[in-house]
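Hello,

Here is the structure we spoke about, passed on for your files. My notes follow below it.

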Amino acid sequence: MTATSDSPASGPAASATKRVFIQTYGCQMNVYDSERMKDVLAPLGYGPAETPDGADLVVLNTCHIREKATEKVYSEVGRLKKLKDAKAADGGKMMIAVAGCVAQAEGAEIMRRAPAVDMVVGPQAYHKLPELVARAARASGEALETSFDVVEKFDALPASRQLEGPSAFLSVQEGCDKFCTFCVVPYTRGAEHSRGADAVLAEARMLAAQGAREIVLLGQNVNAWHGAAPAIDGAGSWDLGRLIRQVALVGGIDRIRYTTSHPGDMDDSLFEAHGAVPELMPYLHLPVQSGSDRVLKAMNRKHDATSYLDIVARMRAARPDIAMASDFIVGFPGETERDFEDTMALVRAVGFASAYSFKYSRRPGTPAAEMLGQVPEEVKDARLQALQALLMEQQVAFNASKVGATVPVLVTGKGRHPGQMLGKSPWLQSVHFDGPDSLMGQIVDVAIVAAGRNSLTGELPGDLSGGRKAA
Ligand code: SAH
Ligand code: SF4
Ligand code: F3S
């Protein structure tokens, strides 16, 4: 969710005459968008750059969710300016583009504060990148595009995709109408919009044809997805459970995940899909934020602790081995010690396989920023530490529970050590094991022999070359 990843662009290298480097911050939506930006830029002759050094175009795909995330952009532009100046001294030109949620939120202000920036492009305007690049290159002046038309964005993006492994993101829903009082997403990503089922299924088939084995359906509120039904299905709309059943029928797709969901949008169809669709992985990332009903109300979350626990119980009834994951915020304005204890109690009641937890960060323009009872930093620190200790304890226990089991692992790449491969368990755990490169992209049974905080170690059953045998 808050992963930061370097994503060197890919494209038809043969025809590439220029190089683009894209740095991605924030959530999976941004990771997906970065891939799509590469797709848009490839026909313009932009191929991958492994580093920003010497690149013709550097794109910072930014995140606005917490204050720290936003600050990063300006310090990064400062670093890039040195590379840009160095390139200019050599007679070359490096363009700097700021994309993503900071671009949407701050717009032209970015170019005023950081004149080294040539382009600002919001999340709904990536299809206009070629035009912006041309404008910026011509005028060596500014180019700004933060219009808000999601429909146009998806319609105008190229049909082909460059894959970076057997697991592919597929964005099905953007924006959010929930207006949690702490959150900037409704302002940076705009109103909720679902892509139609036809477009989603076409993209799924294309991904499968290019070798994807796993599809991760993405949305800020993915379980609110309600897309137009396929033309052959007549009028009306589908829900996410229906879409998942259909994606499962796409040849070659063996695993489906979806992220991220809101507790207010869990419906019967989705519970049923978890019970009935074997391709749907037993993992649910369902942010709860707090275990205190008082705080949840102030957050405008539209669920309480009891309704969250009910969802977990129903999910476990539908799919007993499901792993629960969540997001938490500590130190929301007005949060008392008692409220925090309610959060700890909810965590104990659920038992999470993994979780993200954050100190509340005051975001200008959101209702919570103006609330009374802002919590002192040292209190937030102490609560975060206590919460993370408990969550880590649960994560370690969950990982340990797989030792001795044989689990199907989707092999996604090479491990750190020679001869080692890396993959994902159904419960989204990283698994490393010794095995040949030829397993890349396959789903193989691995006997789990050890578990750590963040990964599992396994062995291929019957593999004598691995040395130690699985128990
Ligand atoms: N609906 C999306 C939300 C994306 S934001 C989702 O559920 O994934 C991801 C997480 O960031 C939120 O779940 C929340 O825990 C955290 N977050 C959002 N705004 C925040 C803020 N102002 N301060 C601290 N954490 C925040
Ligand atoms: Fe933000 Fe709430 Fe919407 Fe999630 S549901 S994106 S936390 S406003
Ligand atoms: Fe960040 Fe925007 Fe995602 S604010 S979390 S990149 S939707």
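**Ligand surroundings**

Around ligand 2, the shell divides by class into 7 nonpolar, 2 polar and 2 charged residues. Please keep in mind that this is a predicted model. The residues in question are Cys176, Lys178, Phe179, Cys180, Phe182, Cys183, Val185, Pro186, Asn221, His262 and Arg301.

Ligand 3 has a shell of 4 nonpolar, 4 polar and 1 charged residues. Cys27, Asn30, Thr62, Cys63, His64, Ile65, Cys101, Arg189 and Gln220 surround ligand 3.

**Domains**

The domain assignment splits the chain into domain 1 (18-149), domain 2 (152-400) and domain 3 (406-459). Between the C-alpha centres of domain 1 and domain 2 the distance is 28 Å. Contacts between these two involve 27 residues of domain 1 and 32 residues of domain 2. Together, domain 1 and domain 2 bury about 2,700 Å², and carbon and sulfur atoms give 56% of that area. On the domain 1 side, the most area is lost to domain 2 by Met29, Tyr32 and Arg36, which together make up 26% of what that side buries.

**Ser361**

Ser361 sits in the loop that runs between β17 (354-359) and α14 (377-400). Ser361 counts as buried because its relative accessibility is 13%, under the 20% cut-off. Its side chain reaches the backbone nitrogen of Glu67 at 2.9 Å. Apart from neighbours within four places in sequence, Ser361 is in contact with Arg66 and Glu67.

Regards

Technical notes. Residues numbered from 1 in each chain as written. Chains lettered and ligands numbered in written order. Predicted model: local features only at pLDDT ≥ 70, side-chain atom pairs only at ≥ 80, totals over all residues. Heavy atoms only, no water. Helix = DSSP H or I, 4+ residues; strand = E, 2+ residues; numbered from the N terminus. Buried < 20%, exposed > 50% of the residue type's maximum accessible area, 1.4 Å probe, protein only. Polar contact = N/O pair within 3.5 Å; in protein donor to acceptor, adjacent residues only side chain to side chain. Contact = heavy atoms within 4.5 Å. Near = heavy atom within 4 Å. Nonpolar A, V, L, I, M, F, W, Y, C, P; charged D, E, K, R; others polar. Domains from an automatic or database assignment. Buried area = accessible area lost by both parts, 1.4 Å probe.
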